[in-house]
Structure formats: structure tokens, C-alpha cells
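Please examine the helix packing in the model shown here. The questions below address how neighbouring helices are arranged.

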Amino acid sequence: MNSIFSLNGIRFFILVLVQVLIFNQINFMGYINPYIYILFIVLYPTKNNRAVFIFLSFLLGLTIDLFLDTGGIHAAASVFIAYVRPVVLRSSFGVLYENYAIKFNNVEFGAKLTYITILTLLHHLVLFYLEIFSISKIILVLQKTLFSSIFTILLIILITIIFSRKTR
């Protein structure tokens with residue numbers, strides 16, 4: 001149990017640090033901003049207490065908001081995807097999620113990609129809608145969501161492949 005807390009604590013700290021020091025400096029053509037910190041929410045264990053998970057997601061988003069001075073939009077988007085994550089898990093992994101047998105390194109790539117894609121798109125849609133906050137600029141919201149999501153998904157997949165533990 002302590003190893004789970006320490007692993008998630010280290011992951012939390014490293015993702016915030018990498019997001020703030022490296023990925024916040026990337027702004028390509030005004031549309032591509034990678035938000036790699038959502039990897040904490042993606043990889044958080046499914047068996048743990050949901051209330052603690054939602055609180056940690058809020059704390060993660062709030063920490064990013066403090067560094068970016070964005071007024072809570074990252075916290076709102078993080079809490080939103082933490083809240084809808086069980087539905088996304090159920091639709092992506094099906095029976096594996098129902099039995100709490102998800103080992104992220106052992107699931108097939110298509111299910112993993114679906115899960116990451118849905119969560120990333122939802123996060124970015126909420127984030128950019130709250131940032132722009134105008135129905136008349138919905139095309140801009142969708143453009144930023146699409147381009148940033150593609151870049152974020154590629155980075156998340158790359159990071160999970162690089163840092164995955166091979167167990168056979």
C-alpha cells in the first residue's frame with residue numbers, strides 16, 4: 001500500500017514539474033499546447049478510493065493553475081475527467097474494468113488508445129471551452145482541442161511505452 005502512495009506521489013510531483021518547466025513553454029502556432037499532467041489521472045489505480053482520486057485530480061489541476069495563473073480551468077477540467085473516468089474505463093475495457101483486473105501494461109493497445117483519446121479529448125474540450133468561454137468561438141475551441149489533443153495523446157503514448165515495465 002505504501003508503494004502505491006509513493007509511486008503516485010512521485011508521479012504527481014514529476015508530472016507537475018515536467019509540465020511547468022518543459023511543456024508549458026510549448027505553444028506551436030497558438031493551437032498546440034501539450035498537457036501531459038493528465039497522465040496522472042490516466043494511470044491512477046482503479047481500486048483506490050474515488051473521493052481521494054477526485055481530490056488529488058483537483059489538487060493536480062489547481063497546482064497547474066497556480067503556475068499558469070489560469071484561474072481554475074485546469075482544476076475544473078481535471079476534476080471533470082476524474083469524475084467521468086469510470087464510464088470511460090467501462091466503455092474502453094469492458095469486462096476487465098468490471099473485475100478490476102486492468103493492468104495498464106497488459107491490455108491491448110487499441111483499448112488503451114481509446115481510453116487515452118477519450119479522456120484527453122474531454123479534458124481539452126472542457127479546458128479550452130472554459131479558457132475561451134464563448135459559444136461564438138466554438139470553432140476555435142474545437143481547433144485547439146483537436147490539435148492539442150493529438151499532440152498530447154502522442155506524447156502520453158510515447159511516455160507510457162518508454163516507461164512501461166515489461167512483465168512476461
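The following questions and answers treat helix geometry and helix contacts.

This is a predicted model, in which local features need pLDDT of at least 70 and side-chain atom pairs count only at pLDDT 80 or more, while totals for chains, interfaces and linings use all residues. Residues are numbered from 1 along each chain as its sequence is written, and side-chain values use heavy atoms, with hydrogens and water left out.

Q: At which residue does the kink in helix 4 lie?
A: Helices here are DSSP runs (H or I, at least four residues), numbered from the N terminus. Helix 4 has 21 residues and spans 29 Å from first to last C-alpha, close to the expected 30 Å (1.5 Å times one less than the number of residues). The bend at a residue is the angle between axes fitted to the seven residues ending there and the seven starting there. In helix 4 a kink of about 50 degrees lies shortly before the proline Pro 86, at Arg 85.

Q: Which residue follows helix 4, and what is its phi near?
A: The residue after helix 4 is Gly 94. Its phi is positive, near 60 degrees.

Q: How is helix 3 oriented relative to helix 4?
A: Axes are lines fitted to C-alpha atoms, for helices over the stretch in contact, with angles from 0 to 180 degrees between N-to-C directions. Helix 3 (residues 50-68) packs on helix 4 at about 155 degrees, the axes being 7 Å apart. Angles over 145 degrees count as roughly antiparallel. Helix 3 is therefore, with respect to helix 4, roughly antiparallel.

Q: How many nonpolar residues are in the contact of helix 3 with helix 4?
A: Contact means heavy atoms within 4.5 Å, and residues in it include Phe 53 and Phe 58 of helix 3 and Val 79 and Pro 86 of helix 4. Ala, Val, Leu, Ile, Met, Phe, Trp, Tyr, Cys and Pro count as nonpolar, Asp, Glu, Lys and Arg as charged, and the others, Gly among them, as polar. Besides four polar and three charged residues, the nonpolar ones number twelve.

Q: How are helix 4 and helix 6 oriented to each other?
A: The axes of helix 4 (residues 73-93) and helix 6 (residues 109-132) come within 9 Å and cross at roughly 150 degrees. The two helices are therefore roughly antiparallel.

Q: How are helix 6 and helix 7 oriented to each other?
A: Helix 6 and helix 7 (residues 138-162) pack with axes 8 Å apart, at about 140 degrees. Angles under 35 degrees count as roughly parallel, 65 to 115 as roughly perpendicular, and those outside the named ranges as oblique. Helix 6 and helix 7 are therefore oblique.
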